[in-house]
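The following exercises are intended to be worked through with the sequence and the model at hand. Each task is followed by a solution in steps.

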Amino acid sequence: MSRKALWEADLDEDLQDVDLSLAIGNYGQNGLYEDAQHRIDESTLLAVQQQMAQQAAFSAIPDVVKRFIVHFHQAVLDNNLAEITVAYESGWNRLTEKFYAKTEWPEAEVIAPLVNDDQIFLILYRELYYRHVYSRLQPDIDDRFHSYENSCELFNYLLNSEGPVRLELPEQWLWDIIDEFIYQYQSFCVWRSKVKNKTEDELVMLAEGSQVWSSYSVLNVLYSLIQKSRINDYIVATQQGKSPEEIAEIVGEYGTRPLYRMLGYFSIIGLLRVHSLLGDFTLALKVMEHVELNQKSTFTRVTACHVTTYYYVGFCYIMLKRYPDALRTFVSILNFILRMRQYHTRSYQYDQINKTADRMYALFAICNALSPSRIDENISNIVKERYGEQFTKMSRGEEGIPAFEELFLYACPKFISANPPPYEDPELLAAYVEGPPVEPAQRHLSLFLSEVLAQAPVPTLRSFLKLYTSLDAKKLANFLDADEEEMVQQMMVMKQASRSVSRVGNEKGPLDGQVISTSDLDFAIDENMVHIAESTVGRRYAGWFIRNTEHAQRVHHALRNSALPPIPTKSAPHALAQTGADSKASAPRTGGQKVAWGGVKAA
C-alpha cells in the first residue's frame, strides 16, 4: 500500500504542469470508440476468452499426459484391444494417481487438438472424465447434467447409427460403462430426493430438466441394448449347442459383434441392479431368466461383474424369503473371492470388491439367523469373526431386532425412488419438504423387519423342542409362558418358517424352485402330545481334510520360501576356547533346530 501511494503521488506531481487536453487529444471524445465497442460481438469476446483459457489449460497439461492421450487415441482408432486394455487399466489409473488424484482431468475441449477433434474418442474420454469426478471428487449439478448428456451421446451413437459401429473395447471397459451409467443414475436420484440445501439455480435446473436421469430413460437404454444385440437369443442358442453359423443367422449383424453382444449381456446384469434398486425383486430375477448362475457364465470374465451379479441375486432372494437360495449364492461367490484373493490385489477395483464381499458376509449372517442350516465352515468362521456379536443377538428372538436392522441398513443397496420431488410446482414442493415421504431404504427395512418379527418366537421354541423327543403340550406352554392356543400359533409360525421355495433340481430360471423343508427339526401334534424328530447330518470329513491340507501346504511353502538363518562366522581359536568354557558353565542345550532348509546344521 505504501508503494502504491508513493507511485500515485509522483504521478500527480509530474502531471501538474502538463496540459492534459494536448497530451491526450480528443481520443474517444467523439463517440467513435463507443460505436466500435458496441459493434464488437459479445459472443466473439467470450469465444476469444474461452480460447485463451483453453490454450492456458493445454499448456498446463504435463507432456507425459499428452503423449498418453495421443497413444490412447491411436489405439482406439486401430481397434487394438491389447493397447487399449493397457492404457485403460494401467495408464489411466497410474496418471490419475500421479497428477489428478485430487483434481479433474483436462476437459475434453482442451485435449481435442491432440486427437484431431475426434468426437467419438472425446465421448469415450468424457466417460472416463466424469467417472473420475464421481469417484474421486464431488460432482456439482453441471457435472451431473453433462455426464447424462454424454451418456446419451454415447448410447445414441451405438444404437442409432446406420449399422454396427466399427469400435472395439475391452470387456472390462464395457462393463464399467454400464456399471457407471447405473451408478450415476443412482447417485443423481439420491441427490435429487434431498430437496433441502438446494440453491435457486439448482431448483430451476431441476424443474426444467425433469427428464434428466429419469428411470424411463435409463431402463430404455438397457432394454434397447438387450434388444439390439439379441443377447437372450444368443444365450439360448448357445445353450442348445447350435453352430456358430446358426447363431450368427439368429442374432443378426449386431449380435455377432463382440461390442454389442457384451453390452447386451452386461445390460441384463444392469437391469438386475436397477430393478433391485427400485424394489421390484421378482422382475429383477425375471430378467436373469436365461443367465445361468455358474462359474462358466460370461459374466465371470469380469470379476466386478461376477461379484455384482451374485450380490444382487442373493439380496433378491432374501427379500423374497428364499433364504436357502440366498445362502448358496453367497457361499459360492464368497468362496470364489477367497480363492482368487491374491489376484484381486492386482485389480484397480480391489477395494470395491472387498467392500461388496463384506456386505455379503453381513447378509449371510442375516440369512443364517433366519434359516439355520449346516453351512460352509470357512465362511461361517469369517462371519463369526466380523459379526459374531450381532449374530448372537439375532438368535434371541425380539432382542435381536436392532442387530437385524443394523446389518440390513449396512448391507442393503442404496434404494432409490423412481419419481422425483415436484420441483416444477413450488406449492407442491413446499408441501413435500414439510411432509417428506418415507425413504426407500426405511420402507424396505420395515417390510423386512415385519417378517423378522413374525419369526421372533421361533428361536426360543426351537431351543425347547431340541431337548425332547416327545413333550406334553401343556408343559411346553408353561415353558413358553403362554396358553395352549398361543403356543399352537407359535408352532405354526415355526412350521411355516421351516418351509421355503428353493432351487433343488435342474431349474433354469432363478425364480423357479420347489417347496422344501429348510430345518433339521420337525414335529407333529397328536392330541395333547408334541412329537419331535430331529435329523442329523454327518460331518463331511472330505472337505475338512482338503481345507487343512491346503493350509498345511501354504505353511510349508512359506517356510521353504523364507530366508535362511545366517551362517556363523569362524572365530579365532582362543575365542572358541572361551566360548567352550562359557558353554560348560551354562546349562547344556538338549533341543533346538537340527537341520535348517538347505542343509545348514545347527547343533
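The exercises below concern confidence, a strand pair, salt bridges and a surface patch in this predicted model.

**Exercise 1. Determine which terminal stretches should not be read in detail, using the pLDDT.**

Solution. Begin with the whole chain: its mean pLDDT is 80, and 83% of the residues reach 70 or more. Next, examine residues 1-33, where the pLDDT is below 50 and the model shows five contacts beyond near neighbours in sequence. Residues 572-603 also have a pLDDT below 50, with eleven contacts beyond near neighbours in sequence. Finally, apply the general rule: where pLDDT is low, the predicted coordinates should not be read in detail.

**Exercise 2. Assign the side chains of strand 2 to its two faces, and state how this strand pairs with strand 3.**

Solution. Strand 2 covers residues 499-502. Ser500 and Ser502 point to one face and are buried. Arg499 and Val501 point to the other face and are not buried. This follows a general pattern: in a regular strand the side chains alternate between the two faces of the sheet. For the pairing, strand 3 spans residues 514-517 and runs antiparallel to strand 2, with four bridges between them. Within this pair, Arg499 has Ser517 as its bridge partner.

**Exercise 3. Identify the helices that are tied together by the salt bridges of Glu109, Asp176 and Arg273.**

Solution. A search of the whole structure yields 13 salt bridges. Take Glu109 to start: its partner is Arg126, with the closest N and O atoms 3.3 Å apart. Glu109 belongs to helix 7 and Arg126 to helix 8, so this pair links parts 17 residues apart in sequence. Glu109 is partly exposed at 38% relative accessibility, whereas Arg126, at 16%, is buried.

Proceed to Asp176, which bonds to Arg131 in a salt bridge with a closest N and O separation of 3.7 Å. Helix 10 holds Asp176 and helix 8 holds Arg131, so parts 45 residues apart in sequence are tied together. Both residues are buried.

Then consider Arg273 and Asp179, whose side chains meet at 2.6 Å, N to O. Arg273 is in helix 15 and Asp179 in helix 10, so the tie spans 94 residues in sequence. Arg273 is buried, at 8% relative accessibility. Lastly, shared partners join Glu127, Arg131 and Asp176 into one salt-bridge network.

**Exercise 4. Which residues make the nonpolar surface patch of about 230 Å²?**

Solution. The patch is made by Val488, Met492 and Ile525. Val488 is located in helix 27. The cut-off for patch residues is over 30% relative accessible area, and Val488 has 34%, which counts as partly exposed.

Key
Residues numbered from 1 in each chain as written. Heavy atoms only, no water. pLDDT = per-residue confidence, 0-100. Contact = heavy atoms within 4.5 Å. Patch = residues over 30% accessible without salt bridge, like charges linked within 9 Å, V, L, I, M, F, W, Y side chains within 5 Å. Areas by Shrake-Rupley, 256 points an atom, 1.4 Å probe, with all protein chains shown as cover. Salt bridge = Lys/Arg side-chain N within 4 Å of Asp/Glu carboxyl O. Buried < 20%, exposed > 50% of the residue type's maximum accessible area, 1.4 Å probe, protein only. Pairing = 2+ DSSP bridges.
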